[in-house]
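This report covers one helix pair, one metal site and one covalent link. Please read it alongside the model shown here.

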Amino acid sequence: MKLVLGGNQYWYKVLLGRRDARTASKDAANANLPPPFFNFSQLITNFQSHGLNLKDLVVLSGAHTIGFAKCSTFRDRIYNDTNIDNDFAANLRNTCPRIGGDTNLVPFDSTPTKVDTTYYKGLLYKKGLLQSDQELYKGDGSQSDRYVKLYSKNSYAFAKDFGVSMIKMGNLKPLTGRKGEIRCNCRKVNNY
Ligand code: HEM
């Protein structure tokens with residue numbers, strides 16, 4: 001699979017035929033997905049409960065190299081967090097007021113339509129948008145810090161490790177036997 005938003009190094013082979021559910025539950029998803037205000041140990045515990053390790057956490061968070069987040073997901077960080085660049089926070093407060101504007105969108109990094117290492121570079125300067133992003137880099141020389149530094153300057157390491165962790169995540173608890181279905185179009189359930 002080619003990640004068309006990135007350069008040539010961003011591709012990985014995917015396995016075909018994963019069985020998918022025919023229904024989805026927001027509550028069930030939220031019971032498993034970590035919220036954006038989780039701290040480092042909460043993130044690790046959550047990932048470990050799914051068989052994912054620190055490296056998976058850091059490299060998969062790199063998916064935030066693309067896309068946007070709503071004001072409501074990072075408001076607390078820009079008004080109350082200290083581990084954030086001052087100018088960065090002040091600027092975000094223009095788009096995300098204390099009250100209202102919950103659905104206003106802000107890009108995760110300055111190149112939100114491009115798969116690159118800008119997300120990790122931002123973390124080095126305390127410019128992670130979500131608290132969960134910045135938790136990965138504290139500047140205390142931890143193993144997590146070392147992964148962030150590596151991926152910030154080595155796009156090949158990011159590309160390679162991202163693919164490995166995506167396959168690992170994709171193999172979590174697949175439906176088997178007659179449960180669920182293999183989708184013809186991965187965006188929607190089959191209609192028969
Ligand atoms: C580490 C824990 C994670 C947390 C706390 C987290 C949280 C969030 C939040 C709050 C948003 C914004 C949603 C919104 O405002 O509607 C978001 C967006 C996004 N997340 Fe994560 N995420 C995490 C990990 C991941 C992983 C593992 C991936 C994929 C491998 C991922 C891919 C994305 C993408 C692509 C977007 C942008 C969506 C868009 O712009 O439409 N995230 N995430």
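## Helix pair

α3 and α8 lie oblique to each other, because their angle falls outside the other classes (under 35 degrees counts as roughly parallel, over 145 as roughly antiparallel, 65 to 115 as roughly perpendicular, the rest as oblique). The packing angle is about 40 degrees, and the axes are 10 Å apart. Axes are lines fitted to C-alpha atoms over the stretch in contact, with angles from 0 to 180 degrees between N-to-C directions. Helices (H or I, at least four residues) and strands (E, at least two) are DSSP runs, numbered from the N terminus.

On the α3 side, L54, K55, V58 and V59 make the contact (heavy atoms within 4.5 Å). Helix α8 contributes Q143, S144, Y147, V148 and Y151.

## Model basis

The model is predicted; local features need pLDDT of at least 70, side-chain atom pairs count only at pLDDT 80 or more, and totals for chains, interfaces and linings use all residues. Residues are numbered from 1 along each chain as its sequence is written, and side-chain values use heavy atoms, without hydrogens or water.

## Iron site

H64 is the only protein donor (N, O or S within 2.8 Å of the metal, 3.2 Å for Na, K and Ca) of the ligand's iron atom. Its NE2 sits at 2.1 Å. H64 lies in the loop between α3 (54-61) and β1 (68-70).

## Disulfide

The structure holds one disulfide (cysteine sulfur atoms within 2.5 Å). This disulfide joins C71 to C96, S to S 1.9 Å. C71 is in helix α4, C96 in the loop between α5 and β2, 25 residues apart.
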